[in-house]
Amino acid sequence: MNEKQLVGEKAAEFVKDGMVVGLGTGSTVYYTLKKLGRLVKEGLSIQGIPTSVQTEKLAKEFGIPLANFGEIEQIDVAIDGADEVDPNLNLTKGGGGALLREKIIANAAKQFIVVADSSKLVEKLGTFLLPVEVVPFGFSMTERYIRELGCSLEIRLKEGKPFVTDNGNYIFDCNFPDIPYPETLERKLNSIPGVVENGLFVGMTDMLVTLDENKNVMTKSC
Ligand code: 5RP
């Protein structure tokens, strides 16, 4: 079993009968979804809220019942992957382009569980390019203001055209040489008109499921 499968499947153990579950996006949480699908077939009763169109499709394929986000009262637990995890369990996310819905759902969940193989663990955030989602209107102007915060950046492309998120927006992948204060940068980015959200998830993680140096699955909580 590879690392992603080990941590992805482990996280499914924290989902209990009757829960409303935020379903993350990516190749690690894929294994959580697959395991949840198997547990549902065995009788587990849950409702899922997907963080992306891609995850919605997978949840349907695996037989996970979906709830209408507009109608539910609370999300009991959200499980999602990450691109970087620092020692304080702050994250960089959005490699798959689903950061906005992921952050809305993580924020709404009573418990936010992150699944990450050992390659995602870093001493300091900033090696992975930070995704920033912006509205297409005036995006060149928005780009200028983001650049003024001290980064170089590229618009994310797909087949030679701007990548469009599930929300109809663009993404800038930003190269900040260093992110010593993620909370401050998160706030500064989101105060720029035109920026919808950025991939810094600061102080949101309740539990990390990862592997220790002997490659045993372990959890770490804040
Ligand atoms: C998508 C994300 C993913 O959770 C993140 O990119 C990790 O993905 P993977 O598990 O495939 O490495 O933030 O927007």
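# Helix crossings, sheets and a salt bridge

The axes of α1 and α2 cross at roughly 45 degrees and come within 7 Å of each other. All of this is read from a predicted model.

Student: Okay, so are α1 and α2 roughly parallel, roughly perpendicular or oblique to each other?
Tutor: Start with the crossing angle, which is roughly 45 degrees. Angles under 35 degrees count as roughly parallel, and roughly perpendicular covers 65 to 115. The α1/α2 angle fits neither class, so the two helices are oblique.

Student: And what kinds of residues make up the contact of α1 with α2?
Tutor: On the α1 side you've got Lys4, Gln5, Gly8, Glu9, Ala11 and Ala12, and α2 brings Tyr31, Thr32, Lys35, Leu36, Arg38 and Leu39. Gly goes in with the polar ones here, while Tyr counts as nonpolar. Sort the contact that way and the split is five nonpolar, three polar and four charged.

Student: What about α2 and α3, are they roughly parallel or oblique?
Tutor: Helix α2 spans residues 29-41 and helix α3 spans residues 53-62, with their axes 9 Å apart. They pack at an angle of about 30 degrees. Angles under 35 degrees fall in the first of your two classes, so α2 and α3 are roughly parallel.

Student: Which residues of α3 does α2 meet?
Tutor: Picture the two helices in a right-handed crossing. From α2, the residues taking part are Tyr30, Leu33, Lys34, Gly37 and Lys41. Across from them in α3 sit Thr55, Leu58 and Phe62.

Student: Switching to sheets: which strands stand at the edges of the four-stranded one?
Tutor: That sheet is open, with antiparallel pairing and the order β8-β11-β7-β12. An edge strand has a single partner, so one of its sides is left without a neighbour in the sheet. Reading off the two ends gives β8 (152-155) and β12 (195-198).

Student: Inside that sheet, what's the bridge partner of valine 134?
Tutor: Look at β7 (residues 130-134) and β11 (residues 170-175), which pair in the antiparallel sense over five bridges. Valine 134 finds its partner in β11. That residue is tyrosine 170.

Student: Which helix lies across β7, β11 and β12, and at what angle does it run to β12?
Tutor: The strands themselves are turned by 30 degrees against their neighbours on average, direction ignored. The helix lying across them is α4, residues 99-108. Its angle to β12 is about 65 degrees.

Student: There's an open sheet of three strands too, right? What stands opposite glutamate 84 there?
Tutor: Yep, its order is β4-β5-β13, with antiparallel pairing. β4 (84-85) is at an edge with a single partner strand, and β4 pairs with β5 (residues 91-92) over two bridges. Opposite glutamate 84, in β5, is threonine 92.

Student: Last one: how many residues apart are lysine 215 and glutamate 3?
Tutor: A search of the whole structure finds eleven salt bridges, and the side chains of lysine 215 and glutamate 3 meet in a salt bridge at 3.1 Å, N to O. Lysine 215 is in the loop between β14 (207-211) and β15 (217-221), whereas glutamate 3 belongs to helix α1. The pair links distant parts of the chain, and the separation is 212 residues.

Notes. Residues numbered from 1 in each chain as written. Predicted model: local features only at pLDDT ≥ 70, side-chain atom pairs only at ≥ 80, totals over all residues. Heavy atoms only, no water. Pairing = 2+ DSSP bridges. Axes fitted to C-alpha atoms, helices over the stretch in contact; angles between N-to-C directions. Parallel < 35°, antiparallel > 145°, perpendicular 65-115°, else oblique. Left-handed = near helix turned anticlockwise from the far one by under 90°. Contact = heavy atoms within 4.5 Å. Salt bridge = Lys/Arg side-chain N within 4 Å of Asp/Glu carboxyl O.
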